[in-house]
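Biologist: I am new to this structure and would like to go through it step by step. May I put some questions to you once it is in view?

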Amino acid sequence: MNQNGLPQHLRIRRRAEFVACYERGRRLHTEHFLVFVLSGNSPGLAARTGMAVSRKVGNAVVRNRVKRLLREFYRLHRSDLPKEADIVTVAKKHAGEAALDLASVAAELLPLMRRVVRREPGRPALDGLP
């Protein structure tokens, strides 16, 4: 891993951690991604991220590109992520067909992450969400 990559301690790697996000996390939708956010799962730590890109998205080249884009988004926008949360991003079937680049991934996920941060415990709900 290069020194500018996303550190391993900020990644979700175990199946049980993915399942916990799927079962107990909030489910948020975007055009190309389904995002699960499980708050308070890693107290005192920065947000951990994981991703799932199934074979329905495309061949190995397409899947790896989607994963690289997601990792780079989370690396660049660590300060915009909710603290003490596990975030799992699942690529939807048509994500592989879209001409995704880092800018389009950021435009899709950044508003979602900022909305989640505003809803963290102890913060007022600024966008009218309960």
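Biologist: Which residues does Val35 touch, not counting residues up to four places away in sequence?

Modeller: This is a predicted model, and a contact here requires heavy atoms within 4.5 Å. Val35 belongs to strand E2. Once residues up to four places away in sequence are set aside, the residues that Val35 touches are Arg26, Arg27, Leu28, Ile87, Val88, Thr89, Leu109, Leu112 and Met113.

Biologist: Is Val35 buried or exposed?

Modeller: A residue counts as buried under 20% relative accessible area. For Val35 the relative accessible area is 0%, so Val35 is buried.

Biologist: How far apart are the C-alpha atoms of Val35 and Cys21?

Modeller: Along the chain, Val35 and Cys21 lie 14 residues apart. In space, their C-alpha atoms are separated by 9.5 Å.

Biologist: Which element gives the most residues to the largest nonpolar core?

Modeller: In soluble globular proteins, nonpolar side chains tend to be buried together. The largest nonpolar core here has 26 residues, and those with the most contacts inside it include Phe33, Val35 and Phe73. Strand E2 (33–39), H2, E4 and helix H3 (102–118) each give two or more residues to this core. With seven residues, the element that gives the most is H3.

Biologist: How many residues are in the other core that lies apart from it?

Modeller: Among the members of this other core are Ala20, Leu34, Leu38 and Val88. It lies apart from the largest nonpolar core, and its number of residues is nine.

Biologist: How many residues of strand E3 are buried?

Modeller: Strand E3 covers residues 48–52 and is mostly covered. Of its five residues, the number buried is four.

Biologist: What is the handedness of the β-α-β crossover from E3 to E4?

Modeller: E3 and E4 pair in the parallel sense over five bridges, and Arg48 stands opposite Asp86 in E4. Between the two strands, the chain passes through H2. The handedness of this β-α-β crossover is left-handed.

Biologist: Which residue has a positive phi although it is not a glycine?

Modeller: The residue is found in the loop between helix H2 (60–76) and strand E4 (85–91). Its phi is about 55°. The residue is Glu84.

Biologist: Why does Glu84 count as partly exposed?

Modeller: Partly exposed lies between the cut-offs for buried, under 20%, and exposed, over 50%. Glu84 therefore counts as partly exposed because its relative accessibility is 33%.

Key: Residues are numbered from 1 along each chain as its sequence is written. This is a predicted model: local features need pLDDT of at least 70, side-chain atom pairs count only at pLDDT 80 or more; totals for chains, interfaces and linings use all residues. Side-chain values use heavy atoms; hydrogens and water are left out. Buried means under 20% relative accessible area, exposed over 50%, partly exposed in between (1.4 Å probe, protein chains only). A nonpolar core is a set of buried Ala, Val, Leu, Ile, Met, Phe, Trp, Tyr and Cys residues joined through side-chain atoms within 4.5 Å. Two strands pair if DSSP finds at least two bridges between them. A crossover is right-handed if, with the strands pointing away from the viewer, the path from the first strand over the helix to the second runs clockwise.
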